[in-house]
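Colleague: Before I use these helix and sheet labels, could you walk me through where they come from?

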Amino acid sequence: MLLKNKTIVVGVTGGIAAYKALELTSKLIKSGADVKVVMTKSATEFVRPLSFQSLSKKPVAVDTFDEPNTWEIRHISLAKSADVFTIVPCTANVIGKIASGIADDMLTTTVMATKAPVLIAPAMNTNMFENPIVQNNIEKLKSYGYEFVMPTEGRLACGDTGQGKLSDINSIFDKIVCLALSKNTDLKNKNIVISAGATIEKIDPVRYITNHSTGKMGFALARAAYQRGANVTLVAGSNRCNKINGVNQIDIESAEEMKTAVMTASKNADIIIMSAAVADFKPNSFSDEKIKKSGADHITLELTRNPDILKELGEKHGGTKTIIGFAMETQNLIENAQKKCAEKKVDFIVANNLRTEGAGFGTDTNVASIVSQDGSTIKLPKMSKLELADIILDKALECSKNCKIL
Ligand code: C5P
């Protein structure tokens with residue numbers, strides 16, 4: 001349970017996105033957090049407190065004078081109990097009040113009294129968001145250390161299109177986790193490059209060669225590294241994952257493009273993790289025009305080797321940077337991984353067998369073994385890709401302490 005023993009105070013203000021705070025509350029509860037909800041009066045016009053109460057199993061605070069039957073002063077006890085205080089969604093009005101030191105209801109009073117990190121997720125009409133007064137208020141709050149998950153662009157409830165849409169709940173959740181576990185920022189100041197997903201090798205303008213990788217393992221690594229404070233560059237091939245707010249994602253298609261992006265990003269990296277499923281071969285040539293059937297029963301597609309990015313990384317940075325590879329096999333898993341580790345000069349290989357139940361493409365779990373250069377092997381049980389990501393990062397951090405400084 002990621003957020004066990006953590007108290008998250010969720011402030012909800014009066015915007016159309018208020019209902020999305022229900023999803024966030026549910027996600028936080030499922031992660032083991034103790035969630036306490038504070039709503040402004042206008043928020044209760046959009047969503048009833050009972051909905052939050054049912055999810056959090058706790059009374060919802062709305063009015064400063066509506067004190068419960070305890071001797072504690074409620075806004076102070078709420079403010080003190082928070083490990084993270086988040087306001088989702090946050091209106092221009094509440095941003096303005098906090099920035100001006102106005103505390104005239106339960107939410108603004110509590111936020112003023114807290115010493116916990118405050119994370120604000122604004123959501124409003126584009127014109128309101130772009131208004132220099134709102135922008136100045138945001139800048140002012142940032143200068144005081146308030147954290148923001150900025151709204152995204154999209155079609156807004158009012159019919160306008162532009163920036164103002166509440167950021168997606170997963171990104172807000174990730175940032176809360178990051179703040180709540182901020183004591184565990186053991187990867188702070190580490191530059192980590194991760195590759196993820198499948199490469200695409202074009203045959204003609206219509207067809208291409210790819211594989212079944214969905215990018216889940218690489219994105220889990222990027223998310224976990226970001227949550228632990230790292231500066232993450234994610235070189236992403238074809239994938240079925242959502243972008244992670246705070247992670248620098250570079251989208252590529254072919255193995256050659258991946259090589260260029262990974263090699264460039266690796267110059268400043270401390271740790272490099274190649275979890276992408278890179279095509280070993282690409283078509284000999286790319287046809288500018290669609291290849292016609294022309295009545296043929298057979299055609300031959302000639303393929304040529306792609307660069308082995310991991311091997312080149314090993315040759316260039318082995319021993320000075322921590323380098324990790326993946327190996328997906330259908331047989332002789334450990335032997336093949338040991339060979340790969342030596343050939344590619346990497347610190348360790350995360351090996352998984354495609355045929356093992358709970359491992360492989362598109363699953364949320366993995367069953368892996370960590371095979372190190374010194375010959376040792378750790379066989380891990382089935383676990384979520386996010387849990388495995390943390391174990392890989394623990395081991396990577398341990399290896400990086402032994403790297404030579406140039
Ligand atoms: O040799 P094999 O392809 O099995 O090794 C897998 C590892 O090598 C993975 O970490 C993968 O990301 C990387 N790789 C690479 N360039 C290739 C093929 C694989 O970097 N052309």
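What follows is a short chat about some helices and the sheet in this predicted model.

Colleague: What makes α11 roughly parallel to α12?

Modeller: The axes of α11 (residues 255-266) and α12 (residues 309-317) cross at roughly 25°. Angles under 35 degrees count as roughly parallel, so α11 gets that label with α12. The crossing is right-handed, by the way.

Colleague: How do you know that α11 and α12 meet, and which residues are involved?

Modeller: Contact here means heavy atoms within 4.5 Å. On the α11 side you have A255, M258, K259, V262, M263 and S266, and they meet I309, E312, L313 and H317 in α12. Sorted by class, that contact has six nonpolar, two polar and two charged residues.

Colleague: Okay, the sheet. Why are β2 and β5 said to stand at the edges?

Modeller: The open sheet has five strands, in the order β2-β1-β3-β4-β5, with parallel pairing. β2 (34-39) and β5 (147-148) each have a single partner strand, so one side of each has no neighbour in the sheet.

Colleague: How do you know that β1 and β3 pair?

Modeller: Pairing takes at least two bridges. Strands β1 (residues 7-12) and β3 (residues 84-90) have four bridges, in the parallel sense. For a spot to look at, V10 stands opposite T86 in β3.

Colleague: And which strands do α1 and α9 lie across?

Modeller: Helix α1 (residues 20-30) lies across β1, β2 and β3, at about 160° to β2. Helix α9 (residues 169-180) lies across β1, β3, β4 (118-122) and β5, at about 160° to β3.

Notes. Residues numbered from 1 in each chain as written. Predicted model: local features only at pLDDT ≥ 70, side-chain atom pairs only at ≥ 80, totals over all residues. Heavy atoms only, no water. Axes fitted to C-alpha atoms, helices over the stretch in contact; angles between N-to-C directions. Helix = DSSP H or I, 4+ residues; strand = E, 2+ residues; numbered from the N terminus. Parallel < 35°, antiparallel > 145°, perpendicular 65-115°, else oblique. Left-handed = near helix turned anticlockwise from the far one by under 90°. Nonpolar A, V, L, I, M, F, W, Y, C, P; charged D, E, K, R; others polar.
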